[in-house]
Amino acid sequence: MAAKQKVQIKKIAISTGGGDAPGLNAVIRAAALSAIMRGWEVYGVLDGFHGILSPEEYPDGGFVPLTRDRVRGITHLGGTILGTSNRNNPLKYPIIHPDGTREEVDRTDEIVRGFRLHHIDALITVGGDGSLAIASVLAKKGLRLISVPKTIDNDLDKTDVTFGFDTAVGFATEALDRLHSTAASHGRVMVVEVMGRYAGWIALHSGVAASADVILIPERPYDIHKVVEKVKERESQGSKFTIVVVAEGATPVGGGLSVLEHEAGRAERLGGIGEKVAADIHEISGKETRLVVLGHLLRGGSPTSFDRLTALRFGAAAVRGLEEGYSGVMVALDPPQVKYVPIEEAMGKMKMVPMGSDIVLTAKDLGISFG
Ligand code: F6P
């Protein structure tokens, strides 16, 4: 049970951090309106914590009032009106000295000071695992705050689901549906790479929903020969095409992750496994193979009604939580309820696809191969 201590709140701030996810604007709107209803003033921090760390870079000081007018008509919009960033983590802020040497410094004290300077009584921070780690330090330094979890990857622990995931799965499903007809017409193998970081949720859910033939996820290293066996099995049954969904974090048995870019101070950028899978299938089977990388398309567009509703519930629950005196907690979905869990219980733990879960078993019963 998370600890509570009621204090009077007059002014709050909201920040969005990490990769964007459809539903962020709905959280901002719900939190702003719920706070305004209680007579509180609401401010948005621009670009994650950058607005508070480098206010001189913004004409409006990096800190904008979130009035009723400012949050009107944004629930259905993708992205975040506040901007976001998944670099320049304030816990390990990269500094380059004049002699070219690099250093990573902790700038969380400056963030706490910045909020005090603006007389902010409490913060709502919306983000993924990286943002939770920052929030946990800020809370320990005395900043009253509540975190709202977000990621299209659905890999955050202690919440049933994160908003953005349903929208990403819906888009991937539609893309896979569209690829079916062209794959069938040409008798090709179509490899589709989807995001998801180190977890296979997007690949699994969209792959099962769209009747993919092969789903490769990080939770189970794949054997390319088994993938080709599936292609051949389908051919022998009269299906000349195969749809393969590959999560960006999938790895071959005995092989490593496909990494596009390593940059200090931020998570490695994954990608490229789809290309490898497509090339390997072509080489072993001789089949004509095409690759489609859905990439950032999965992060864009209007949130589904499920994601809007979850995001609105999270935003309103964050404000109710602050009013009730919670701090250092994350809002979480525990159907049918929204609850508050200590940030420490949720951070640093990745929620992976359990290979014995009902959806995996369903996929297997439908004849889908995991390689
Ligand atoms: O965490 C969300 C996510 O979209 C991952 O699925 C993906 O690996 C990563 O962000 C991409 O990040 P960037 O915006 O830096 O390309």
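# Two domains, a ligand and some paired charges

Me: In this predicted model, what makes K287 and E235 a salt bridge?
Reply: The side chains of K287 and E235 come together with N and O 2.6 Å apart. The cut-off for a lysine nitrogen and a glutamate carboxyl oxygen is 4 Å, so the pair qualifies. General chemistry agrees: side chains of opposite charge can pair when their charged atoms come close.

Me: Why is this pair said to link distant parts of the chain?
Reply: K287 sits in the loop between α8 (273-285) and β13 (289-293), while E235 belongs to helix α7 (residues 224-236), and 52 residues separate them. The structure holds 17 salt bridges.

Me: How is the chain divided into domains?
Reply: Domain 1 takes residues 11-163 + 303-346, and domain 2 takes 165-300. Their C-alpha centres are 32 Å apart.

Me: How do you know that the two domains touch?
Reply: Contact requires heavy atoms within 4.5 Å, and 22 residues of domain 1 meet 17 residues of domain 2 on that test, so the domains are in contact. The area buried between them is about 1,600 Å², with carbon and sulfur atoms giving 48% of it. On the domain 1 side, R87, I152 and D153 lose the most area to domain 2, together 35% of what that side buries.

Me: What makes R299 and D20 a salt bridge?
Reply: The closest N and O atoms of R299 and D20 are 2.7 Å apart. The limit is 4 Å between an arginine nitrogen and an aspartate carboxyl oxygen, so this pair also counts. Across the interface of domain 1 and domain 2, one salt bridge is found, along with seven residue pairs in polar contact.

Me: Which elements and kinds of residue make up the side of domain 1 that touches domain 2?
Reply: β5 (102-105) and α9 (305-324) each supply at least two residues of that side. Its residues divide into six nonpolar, eight polar and eight charged.

Me: Why are N86, R197 and H296 said to be in polar contact with the ligand?
Reply: A side-chain N or O atom of N86 is 3.0 Å from an oxygen atom of the ligand. For R197 the corresponding distance is 3.3 Å, and for H296 a polar side-chain atom lies 2.8 Å from a ligand oxygen. The limit is 3.5 Å, so these three distances meet it. Other residues around the ligand include I152, D153 and R299.

Me: What makes the backbone of R197 worth a remark?
Reply: R197 has a positive phi of about 55 degrees, although it is not a glycine. Most residues other than glycine have a negative phi. R197 is placed in the loop between β8 (189-194) and α6 (201-209).

Me: How do you know which form the peptide bond from P335 to P336 takes?
Reply: Its omega is near 5 degrees, and the bond is cis. Most peptide bonds are trans. P336 lies in the loop between β14 (329-334) and β15 (337-342).

Note on methods:
Residues numbered from 1 in each chain as written. Predicted model: local features only at pLDDT ≥ 70, side-chain atom pairs only at ≥ 80, totals over all residues. Heavy atoms only, no water. Domains from an automatic or database assignment. Buried area = accessible area lost by both parts, 1.4 Å probe. Polar contact = N/O pair within 3.5 Å; in protein donor to acceptor, adjacent residues only side chain to side chain. Helix = DSSP H or I, 4+ residues; strand = E, 2+ residues; numbered from the N terminus. Nonpolar A, V, L, I, M, F, W, Y, C, P; charged D, E, K, R; others polar. Near = heavy atom within 4 Å.
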